[in-house]
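Okay, thanks for coming, everyone. I'll put the structure up, and then we'll walk through it piece by piece.

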Amino acid sequence: MKVVECVGLSKNYSSVRAIDSLNIQLEGGRIIGLLGPNGCGKTTFMKLLTGLLSPTEGEIYICGYPRCQDTNSFISYLPERTYLNSRMTVGSMLGFFTDFYPDFDIAKAREMLRAVGVEESRRISTLSKGNREKVQLVLVMSRRAKLYLLDEPIAGVDPAARENILRTIVGNYNENAATIITTHLIADVEQVIDEFVFMAQGGRILRRGMADDVREETGQTIDQLFREVFRYA
């Protein structure tokens, strides 16, 4: 199933072209790594999909529908910056998501919290950065969405927390949905992605493909291929 389609998508910030005439289709049933250096347009692309930004030009389709307020119900979004209310407890955040999102599965969320070792009684302000990241991810992945957008989910956390976060993504992955992960930490996410998209400055797609095909055909890791492609970008 085609979950995302962008046709001639562009976004300008004053005189800066952050996304330039992007044409891309992304299928469901895959974890897709949107990989590129900082400032290449990854976060802008995510915000365009969610409607937080409006395109300068072009069209966006989500699950076959033109992007609009109604298509937001298909999307579960993890922004780059924290959105948790530090005065609330983890349990009260579960209640907030239950009230706000009809597709939120609180039983699944509680199971995931136990798996990552975070108690519902803990106040957000007392959690480490890694545990706050885990709670945010649990909240996002506990929705029955068709498109999961995870913007830099492992940035700024220690290697042990990164592994735990990635296991949470894979262990709770909806096989009919598309999951897009943006990051510049290629080696860390390589183990979980099915498909890769290399994005360069201006939102240009330099290369894309299936991760297993690259490993089998070239003997390279995705990280090695990334370094090779961007050496001449």
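Let me start with a question: how do H4 and H5 run relative to each other, roughly parallel or roughly perpendicular? Keep in mind that this is a predicted model. Helix H4 covers residues 129–141 and helix H5 covers residues 159–171, and they pack at an angle of about 5 degrees. Their axes are 10 Å apart. Angles under 35 degrees count as roughly parallel, so H4 and H5 are roughly parallel to each other. If you want to find the contact on screen, look on the H4 side for Gly 130, Glu 133, Lys 134, Leu 137 and Met 141. Those meet Ala 161, Asn 164, Ile 165, Thr 168 and Ile 169 in H5.

Okay, on to the sheets. One of them is an open sheet of six strands, in the order S6-S7-S8-S3-S9-S10, with mixed pairing. At the edges you have strand S6, residues 75–78, and S10, each pairing on one side only. From one strand to the next, the twist averages 15 degrees.

Let's go in from the S6 edge. S6 and strand S7, residues 147–151, run parallel and are joined by four bridges. Leu 78 stands opposite Leu 150 in S7. Then S7 pairs with S8, again in the parallel sense, over five bridges. There, Leu 149 has Ile 180 in S8 as its bridge partner.

So how much of S7 is buried? Five of its five residues are. As a reminder, in a regular strand the side chains alternate between the two faces of the sheet. Here both faces are covered: Leu 147, Leu 149 and Asp 151 are buried on one side, and Tyr 148 and Leu 150 on the other. Yes, there's an aspartate in that list, Asp 151.

Next door is strand S8, residues 178–183, and that's where you find Thr 182. Thr 182 is buried, with a relative accessible area of 0%. What does Thr 182 touch, leaving out residues up to four places away in sequence? The list is Leu 34, Lys 42, Met 46, Leu 150, Asp 151, Glu 152 and Pro 153. Two of those names, Leu 150 and Asp 151, we just met among the buried residues of S7.

Now the other end of that sheet, where helices lie over the strands. H7 lies across S9 and S10, and runs at about 80 degrees to S10. H8 lies across S3, S9 and S10, at about 25 degrees to S9.

H8 deserves a slower look. H8 spans residues 222–231, and its buried residues are Ile 222, Asp 223, Leu 225, Phe 226, Val 229 and Phe 230. Looking down the axis of H8, these fall within an arc of 160 degrees, so they line one face of the helix. The background is that an α-helix has 3.6 residues a turn, so residues three or four places apart point the same way. And what sits on the face of H8 turned away from its buried side? That face carries the exposed residues Arg 227 and Arg 231. The buried residues of H8 pack against strand S3 (30–35), strand S9 (195–200) and strand S10 (204–210), and also against helix H6 (186–189) and helix H7 (211–218).

There's another sheet to show you. Four strands make up this open one, in the order S2-S1-S4-S5, and the pairing is antiparallel. Its edge strands are S2, residues 16–27, and S5, residues 65–66. Strand S1, residues 2–13, pairs with S2 over eight bridges in the antiparallel sense, and Val 4 stands opposite Leu 26 in S2. Helix H1, residues 42–50, packs on this sheet, touching S1, S2 and strand S4 (57–62). The direction of H1 makes about 115 degrees with that of S1.

Last stop, the cysteines. How many disulfides does the structure hold? Zero. Why no bond at Cys 40? Because its sulfur is 14 Å from the closest cysteine sulfur, in Cys 6, which is too far. Cys 63 is a similar story: its closest cysteine sulfur, in Cys 68, is 11 Å away, also too far for a bond. Both side chains' residues count as buried, Cys 40 at 1% relative accessibility and Cys 63 at 9%.

That's my tour, over to you.

Notes. Residues numbered from 1 in each chain as written. Predicted model: local features only at pLDDT ≥ 70, side-chain atom pairs only at ≥ 80, totals over all residues. Heavy atoms only, no water. Buried < 20%, exposed > 50% of the residue type's maximum accessible area, 1.4 Å probe, protein only. Helix = DSSP H or I, 4+ residues; strand = E, 2+ residues; numbered from the N terminus. Arc of directions from axis to C-beta. Contact = heavy atoms within 4.5 Å. Pairing = 2+ DSSP bridges. Axes fitted to C-alpha atoms, helices over the stretch in contact; angles between N-to-C directions. Disulfide = S-S within 2.5 Å. Parallel < 35°, antiparallel > 145°, perpendicular 65-115°, else oblique.
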